[in-house]
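The following note sets out, point by point, what may be read from the structure shown below. It is intended to be consulted with the sequence and the coordinates at hand.

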Amino acid sequence: MESRKLNLLKQLAVGIAAQFGSKCEVVIHEVNSSRPDHSIVFIENGHVSGRKVGDGASQVVLDQLADQARQPKDHLCYLTRTSSGRILKSSSLYIRNRSGVVTGIFSINYDVTDLMLLHSQITEMVEPRDKAEKEPEKLININDVLNELIDQSVALVGKPVALMNKEEKIRAISFLNKSGAFLVTKSSDKVAQYFGISKYTLYSYLDSNKQQEEKK
């Protein structure tokens with residue numbers, strides 16, 4: 001990437017991070033096929049995703065760049081999740097040279113985890129008192145069923161996984177069990193990883209819920 005263009009992007013990154021505060025991470029990637037795992041050349045508020053200069057791009061960005069002939073378009077306002085379970089609202093802008101080849105990526109990642117929790121609390125406050133609790137409907141599209149059911153289990157609890165306590169995780173996993181999520185091949189591995197627990201803990205949660213159901 002041209003040094004003049006890179007300096008301008010750095011100036012913009014500092015300004016955006018200052019404007020929106022410590023929850024706003026701004027990252028500049030230099031696209032170089034010889035070092036795809038070390039693309040970050042500048043980052044502000046790296047604590048948001050836990051990355052630093054010399055680290056690589058997210059999988060979402062790498063997938064977009066997998067085929068240069070496809071001419072990836074700017075990817076705006078999508079959600080990502082950090083390894084610690086924080087939810088980020090992200091936008092990735094592709095920087096091109098005069099030939100139209102992507103030479104850099106300008107990414108903005110804003111931590112919306114607390115805002116999602118606040119939204120859930122506000123919604124609970126304004127809903128009618130006698131409104132019956134309704135679980136999300138089950139999906140029948142087998143191709144994406146596990147991912148969709150996991151999203152529904154999080155929506156049922158009403159807060160991101162990073163903020164869930166043990167009881168809330170048991171409630172979410174119970175929903176997955178009742179919805180048939182564990183009929184999907186290797187679903188237990190994915191569910192355990194998503195909720196940040198071991199497979200042993202996952203099975204103990206399922207047993208605990210089963211015992212509670214038998215007592216009713």
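**Note on the sheet, the helices and selected residues**

1. β4 and β5 form a hairpin in which 5 residues lie between the two strands. Gly100, in the turn, has a positive phi of about 85°. The model is a predicted one. The two strands of the hairpin, β4 and β5, pair in the antiparallel sense over 9 bridges. In this pairing, Leu88 has Asp111 of β5 as its bridge partner.

2. The hairpin belongs to an open sheet of 5 strands, with the order β2-β1-β5-β4-β3 and antiparallel pairing. β2 (40-44) and β3 (75-81) stand at the edges; each has a single partner strand, so one side of each is left without a neighbour in the sheet. From one strand to the next, the twist averages 20°. As general background, strands of a sheet pair through backbone hydrogen bonds, either parallel or antiparallel.

3. Strand β5 (residues 102-111) also pairs with strand β1 (residues 24-30), in the antiparallel sense and over 7 bridges. The bridge partner of Cys24 in β5 is Tyr110, and Val27 stands opposite Ser107 of β5. Is β5 largely enclosed or left open by the rest of the structure? Of its 10 residues, 8 are buried, so β5 is largely enclosed by the rest of the structure.

4. Helix α1 (residues 3-20) lies across β1, β2, β4 (87-96) and β5. The helix runs at about 165° to β1.

5. Phe106 merits separate mention. This residue is found in strand β5. Its relative accessibility is 5%, and a residue is buried when that value is under 20%, so Phe106 counts as buried. Leaving aside neighbours within four places in sequence, Phe106 is in contact with Leu9, Leu12, Ala13, Ile16, Val26, Val27, Ile28, Ser91, Ser92, Leu93 and Ile95. Phe106 and Ile43 are 63 residues apart in sequence, whereas their C-alpha atoms are 9.9 Å apart in space.

6. Turning to the remaining helices, how are α4 and α6 packed? Helix α4 (residues 145-157) and helix α6 (residues 187-194) pack at an angle of about 35°, and their axes are 11 Å apart. The crossing in which α4 passes α6 is right-handed. On the α4 side, Leu146, Asn147, Ile150 and Val154 take part; they meet Ser187, Lys190, Val191 and Tyr194 of α6. By class, this contact has 5 nonpolar, 2 polar and 1 charged residues.

7. The largest nonpolar core has 23 residues, of which Ile173, Leu176, Val191, Phe195, Ile197 and Leu202 touch the most other members. Two or more residues are given to this core by each of α4, α5 (166-178), α6 and α7 (199-215). The largest share, 7 residues, comes from α4. Residues up to four places away in sequence not being counted, Ile197 touches Lys169, Ile173, Ala192, Leu202 and Tyr205. Another core, of 10 residues, lies apart from the largest one; among its members are Leu6, Ala13, Cys24 and Ile95.

8. Is Ser153 buried or exposed? This serine lies in helix α4 and has a relative accessibility of 0%, so Ser153 counts as buried. With neighbours within four places in sequence left aside, Ser153 is in contact with Ala172, Phe175, Leu176 and Phe195. Leu176 and Phe195 are also among the residues listed above as touching the most other members of the largest nonpolar core.

9. Two residues should be inspected for their backbone angles. Most residues other than glycine have a negative phi. Asn45, although not a glycine, has a positive phi of about 60°; Asn45 lies in the loop between β2 and α2 (59-65). Cys77, likewise not a glycine, has a positive phi of about 55°. Cys77 is found in strand β3, one of the two strands at the edges of the sheet. With a relative accessible area of 55%, against a cut-off of over 50%, Cys77 is exposed.

Methods:
Residues are numbered from 1 along each chain as its sequence is written. This is a predicted model: local features need pLDDT of at least 70, side-chain atom pairs count only at pLDDT 80 or more; totals for chains, interfaces and linings use all residues. Side-chain values use heavy atoms; hydrogens and water are left out. Axes are lines fitted to C-alpha atoms, for helices over the stretch in contact, and angles run from 0 to 180 degrees between N-to-C directions. Helices (H or I, at least four residues) and strands (E, at least two) are DSSP runs, numbered from the N terminus. A crossing is left-handed if the near helix is turned anticlockwise from the far one by less than a right angle, and right-handed if clockwise. Contact means heavy atoms within 4.5 Å. Ala, Val, Leu, Ile, Met, Phe, Trp, Tyr, Cys and Pro count as nonpolar, Asp, Glu, Lys and Arg as charged, and the others, Gly among them, as polar. Two strands pair if DSSP finds at least two bridges between them. A nonpolar core is a set of buried Ala, Val, Leu, Ile, Met, Phe, Trp, Tyr and Cys residues joined through side-chain atoms within 4.5 Å. Buried means under 20% relative accessible area, exposed over 50%, partly exposed in between (1.4 Å probe, protein chains only).
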